[in-house]
Amino acid sequence: CRGAGRASLATWVRSLWHATPGRPPAQGVRPTLRMAESRKAAMGSLLCRARATRKGIRVVHSIQGADVIKGYVLDLGPKWVLMTAVDGARLDGYVALRIRDMESIQPLKANAFYRKASELAGVWPPALPEEQIDLATTRGLIETAHAHANLVNIQMERDAPDVAFIGVPTRWSKKKVWLNEVDAEAIWDDTVSQWAFEDITRVEFSTTYENDLLLVAGPPPRR
């Protein structure tokens, strides 16, 4: 897999999780941590394969109530994977998911249908954004997604799996982002919310919904 650089798949997985199947983890590492690292490594391997073969996948999360994500893998980093999402019958925008939260990865049923619909709509093959998206840190991910699309959609599925917060980042700290939000009626909020990077489990951008919100709402107010 080339998503994390020029290293081979085996090298990439070793550098990412600091453990390989069949090799004892470092002394003193708790069994639960070893199990989590092993699962992350397995997910990374499956994601690399999906990227190489350009086959659609379904991502099931370990987070209760979180959506099952359908799409095509575009790039991988140490913490996040970037996919082009399937919404309805075709590709629509981008979604970044935390690899650590993945419970299972399954083949996407009706893959041929989604591909044909996307071809007819002129959005096939799946393509990376023109700007490189940072998949190493949560701040970097949000910053580069914002640079590409202006509006970003961030989700904290462990706390509220059915809620999305959409807006533009206005301020940063070491552990948080401040977001000037736009509501479902395309009206900019008067206040700015703040969210911890550690709590963010999903980031979306450049979907039809976010593009339409920005079109109706207009540029964000200066803060």
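**Exercise 1. A loop with an unusual bond**

Pro-125 sits in the loop between α3 and α4. This is a predicted model, so let us read it step by step. Your task: find which residue is joined to Pro-125 by a cis peptide bond, and say what omega is about.

*Solution.*
Step 1. Start from a general expectation: most peptide bonds are trans.
Step 2. Now look at the bond that joins Trp-124 and Pro-125: this bond is cis, with an omega of about 5°.
Step 3. Check the surroundings of Trp-124. Its relative accessible area is 14%, and buried means under 20%, so Trp-124 is buried.

**Exercise 2. Pairs of rings**

Stay with Trp-124 for a moment. Your task: decide what kind of pair the rings of Tyr-72 and Trp-124 form, then do likewise for Phe-113 and Tyr-114.

*Solution.*
Step 1. The structure contains 5 aromatic pairs.
Step 2. For Tyr-72 and Trp-124, the ring centres are 5.1 Å apart and the planes stand at 80°, so this pair is edge-to-face.
Step 3. Place the partners in the chain. Tyr-72 belongs to strand β2 (residues 69-76), while Trp-124 is in the loop between α3 (111-120) and α4, so the pair ties together parts that are 52 residues apart in sequence.
Step 4. Turn to Phe-113 and Tyr-114. Their ring centres are 5.7 Å apart with planes at 55°, so the pair is tilted.
Step 5. Compare the cover of the residues. Tyr-72 is buried, with a relative accessible area of 1%, and Tyr-114 is buried as well, at 10%. Phe-113, at 48%, is partly exposed.

**Exercise 3. Helix α4 from end to end**

Your task: describe α4 by its length, its N-terminal cap, its buried residues and the residue that follows the helix.

*Solution.*
Step 1. With 12 residues, α4 reaches 16 Å from its first C-alpha to its last, close to the 16 Å expected at 1.5 Å a residue.
Step 2. At the N-terminal end, Thr-137 acts as the cap: one of its side-chain oxygens is 2.9 Å from the backbone nitrogen of Gly-140.
Step 3. Along the helix, the buried residues are Thr-138, Gly-140, Leu-141, Ile-142, Thr-144, Ala-145 and Ala-149. To think about such a list, remember that an α-helix has 3.6 residues a turn, so residues three or four places apart point the same way.
Step 4. After the helix comes Asn-150, with a positive phi near 70°. Asn-150 lies in the loop between α4 and β6 and is partly exposed, with a relative accessible area of 27%.
Step 5. Look for another positive phi. Arg-54, in the loop between α2 and β1 (57-61), has a phi near 55°. At 43% relative accessibility, Arg-54 is partly exposed. As background, most residues other than glycine have a negative phi.

**Exercise 4. Inside the core**

Which residues touch the most other members of the largest nonpolar core, and which element supplies the largest share of this core?

*Solution.*
Step 1. This core has 21 residues, and Ile-142, Ile-154, Ile-200 and Val-203 touch the most other members.
Step 2. At least two residues each come from β3 (80-87), β4 (90-98), α4 (138-149), β6 (152-155), β8 (176-182) and β10 (202-205).
Step 3. The largest share, 4 residues, is supplied by α4.
Step 4. A separate core of 17 residues lies apart from this one; its members include Ile-69, Met-83, Leu-97 and Ile-105.
Step 5. Zoom in on Ile-200. Leaving out residues up to four places away in sequence, its contacts include Trp-80, Ile-142, Ile-154 and Gln-155.

**Exercise 5. A polar residue under cover**

Is Gln-155 buried or exposed, and which side chain does its own side chain join in a polar contact of 3.2 Å?

*Solution.*
Step 1. Find Gln-155 in strand β6.
Step 2. Its relative accessible area is 6%, so Gln-155 is buried.
Step 3. The polar contact of 3.2 Å links the side chain of Gln-155 with that of Asn-153.
Step 4. Not counting residues up to four places away in sequence, Gln-155 also touches Val-163, Ala-164 and Asp-199, among others.

**Exercise 6. The whole chain**

How many helices and strands are there in the chain, and what percentage of its residues is buried?

*Solution.*
Step 1. The chain has 5 helices and 10 strands.
Step 2. Of its 223 residues, 44% are buried.
Step 3. The accessible surface comes to about 12,000 Å², and carbon and sulfur atoms account for 51% of that.

How values were computed. Residues are numbered from 1 along each chain as its sequence is written. Side-chain values use heavy atoms; hydrogens and water are left out. A nonpolar core is a set of buried Ala, Val, Leu, Ile, Met, Phe, Trp, Tyr and Cys residues joined through side-chain atoms within 4.5 Å. Buried means under 20% relative accessible area, exposed over 50%, partly exposed in between (1.4 Å probe, protein chains only). Contact means heavy atoms within 4.5 Å. The expected span of a helix is 1.5 Å times one less than its number of residues. A polar contact is a pair of N or O atoms within 3.5 Å; within protein, one must be able to donate a hydrogen and the other to accept it, and residues adjacent in sequence count only if both atoms are side-chain atoms. Accessible areas come from the Shrake-Rupley method with a 1.4 Å probe; for residues, only the protein chains shown count as cover. Rings of Phe, Tyr and Trp (its six-membered ring) pair if their centres lie within 6.5 Å; planes under 30 degrees apart count as stacked, over 60 as edge-to-face and the rest as tilted.
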